[in-house]
Protein chains: 2
Amino acid sequence: MTLLLKLAGSCYKEEVSPRVVDPVARRQHVAEAVFRVVVRDGVEQASLRNVAVEAGLAIGSIRHYFDSHDAMIIFAVEALVDSIGARVLAHVEALSAGEGRPAVRVLSEVLPLDGRRRDEAVLWLAFATAARTRPGLLPHAERLYDGVRFICDKVVRRMVAEGTAAADLDVQLEVERLASLLDGLTVDGVLHPDRMTPELTVSVLERHLGSLR
Amino acid sequence: MTLLLKLAGSCYKEEVSPRVVDPVARRQHVAEAVFRVVVRDGVEQASLRNVAVEAGLAIGSIRHYFDSHDAMIIFAVEALVDSIGARVLAHVEALSAGEGRPAVRVLSEVLPLDGRRRDEAVLWLAFATAARTRPGLLPHAERLYDGVRFICDKVVRRMVAEGTAAADLDVQLEVERLASLLDGLTVDGVLHPDRMTPELTVSVLERHLGSLR
C-alpha cells in the first residue's frame, strides 16, 4: 500500500507538474541572483542560503545545479566574463576590419559609465578581491585581467597603425600603462562614484589616448 | 563573607597583577591583529572573535577598548592612514623645500613594491571595498583617496615648476590621471602580483612621468 501510494504520488508528480527545468536557464537564474547579492551586499554575503532566498529557490535546488559554493561563484564569474567579453569582442572585430571606431568608445565598454557597466565593475572588483584569499577563483579573475590587456593591445596597435599614436611607442609598456589606468578608473568609479564621475573618467581616458601621439 | 572575599580578591588583583595597561598601546595591538587577519583572510574574517584570537586577548578585552566592530575596523583604517600619511608627508615636505627628490621615489610610497607596502595596499583595497557596502567606513576610505590626490598634486606641480613636465599641462586633469594610474597599479599589484611585478610597476610609472614633458 505504501509502495502503491508512492508510485501514485510519483506518477501524479510526473504528469501534473512535469518539472521540466532548463538547466542552462536555471544556472543563469542563479548567477543573476549571485550578481544582485554581490552588488547590493558584497561578495561575502553571497552564501548559498542568501542566494537561494534572492533566487526564490530552495537551497537544495541550488545544490542540485552547483556542487559547492565555489562552483556557484565561479559560474557567476564566468557568466560575467562571457557577457563583457562578447561586447568587447564585437568592438575588437570592428577594429580589425579597419572600422574607424574611436578607441575611447571601445575602451569605455570596461569602464563603469552607466548602471549596467557599473554593476559589472562592482562584480569584477568583488570577485577579483575575493580571489586573493580564495585560490579557486584566481584563474577566473585572471581571465578578466587578461581581457583588459587584450583589448588595450588591440587599441594601441590600431592607433599606431593609423597614426594616432607615435610609431616609436614601446607598445607592450603602453598596453600595461593603459590597462592599469583603466583598472584604476574602474576601481575609483566603483568605490568613489561621486568623485570619479563618468564625465571625469571619460576626460581622463581621452587625455591619455590623446597623449600617445 | 562574600563581600570580604570579593574585596580580598580585588586587593589581590590590584597588588599582584596591577594590570596597568596602556590604552594607546592596547588599541594599537588590536589594530595590528586586525591588519594580520585582513591581509591573511580578507576583511570579512576580521570579526571581534577572530581578532581577539589573533591578538591573544579575551573578546571582552577588545570590547573594553572598542564600542563596536565598526569602531575597531575604523581605528585600524585610521592607523593605516596615519602610517602611510606620515611617510608621504615627509616626502612632500622635502619637495616643498626644493629638494631634488625624484617624483618616482615619492609616489613609490603608495605602491606595493615590497612586503610592507604590499600589506598596506592589501589593507587599503580591503577597507575601501568594504566601505562600498558599509557607509561608516566611507569617510575613512575617502581620506586615503584624497591622500593619493594630494601627493599627485604636489608632484605634478613640482614637475611643472622644475620643467620636467610641460608648462601648459591641465594640472587638475593630470593629477586625476596620475592618481588613477597609481590606484590601478596598486590594485593590479595586490591582486595579480605575478603579473604586475614591482619592476613592471616602476617601469610603467617612470614611463608615465617621463611622458609629461
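**Exercise 1. The annotated region of chain A**

Task: State where UniProt places the "DNA-binding region" in chain A, and describe the chain there.

Solution. The UniProt record, an unreviewed entry, puts the feature "DNA-binding region" at residues 47–66 of chain A. The model used here is a predicted one. In it, residues 47–66 of chain A are 75% helix and 0% strand. The C-alpha atoms at the two ends of this stretch are 13 Å apart.

**Exercise 2. Helix 2 of chain A**

Task: Set the span of helix 2 of chain A beside its expected value, then find its buried residues and what they pack against.

Solution. Step one is the span. Helix 2 of chain A covers residues 23–41, which is 19 residues. From first C-alpha to last it reaches 27 Å, close to the 27 Å expected at 1.5 Å a residue.

Step two is burial. The buried residues of this helix are A:Val30, A:Ala31, A:Ala33, A:Val34, A:Phe35, A:Val37 and A:Val38.

Step three is the surroundings. Within chain A, these buried residues pack against helix 3 (48–55), helix 4 (59–65), helix 5 (69–96) and helix 7 (115–133). Helix 7 (115–133) of chain B is also among their partners.

**Exercise 3. A helix pair between the chains**

Task: Describe how helix 9 of chain A packs with helix 10 of chain B.

Solution. Two packed helices are described by the angle between their axes and the distance between the axes. Helix 9 (residues 171–191) of chain A and helix 10 (residues 198–210) of chain B pack at about 90 degrees, with axes 10 Å apart. Angles of 65 to 115 degrees count as roughly perpendicular, so helix 9 of chain A is roughly perpendicular to helix 10 of chain B.

Next come the residues. Chain A contributes A:Leu173, A:Glu174, A:Glu176 and A:Arg177 from helix 9. Chain B contributes B:Leu200, B:Ser203, B:Val204, B:Arg207 and B:His208 from helix 10. Sorted by class, this contact has three nonpolar, two polar and four charged residues.

**Exercise 4. Two neighbours in chain B**

Task: Decide whether B:Leu107 is buried or exposed, do likewise for B:Ser108, and list their contacts beyond four places in sequence.

Solution. B:Leu107 lies in helix 6 (residues 103–107) of chain B. Buried means under 20% relative accessible area; B:Leu107 has 0% and therefore counts as buried. Its contacts are B:Ile151, B:Cys152, B:Val155, B:Leu178, B:Leu182, B:Leu205 and B:Leu209. One of these, B:Leu205, is 98 residues from B:Leu107 in sequence, yet their C-alpha atoms are 8.7 Å apart.

B:Ser108 lies in the loop between helix 6 and helix 7 of chain B. With a relative accessible area of 10%, B:Ser108 is buried too. Its contacts are B:Leu113 and B:Arg117.

Notes. Residues are numbered from 1 along each chain as its sequence is written. Chains are lettered from A and ligands numbered from 1 in the order in which they are written. This is a predicted model: local features need pLDDT of at least 70, side-chain atom pairs count only at pLDDT 80 or more; totals for chains, interfaces and linings use all residues. Side-chain values use heavy atoms; hydrogens and water are left out. UniProt positions are given in the numbering used here, feature names are shortened, and annotations may be inferred rather than shown by experiment. Helices (H or I, at least four residues) and strands (E, at least two) are DSSP runs, numbered from the N terminus. Axes are lines fitted to C-alpha atoms, for helices over the stretch in contact, and angles run from 0 to 180 degrees between N-to-C directions. Angles under 35 degrees count as roughly parallel, over 145 as roughly antiparallel, 65 to 115 as roughly perpendicular and the rest as oblique. Contact means heavy atoms within 4.5 Å. Ala, Val, Leu, Ile, Met, Phe, Trp, Tyr, Cys and Pro count as nonpolar, Asp, Glu, Lys and Arg as charged, and the others, Gly among them, as polar. The expected span of a helix is 1.5 Å times one less than its number of residues. Buried means under 20% relative accessible area, exposed over 50%, partly exposed in between (1.4 Å probe, protein chains only).
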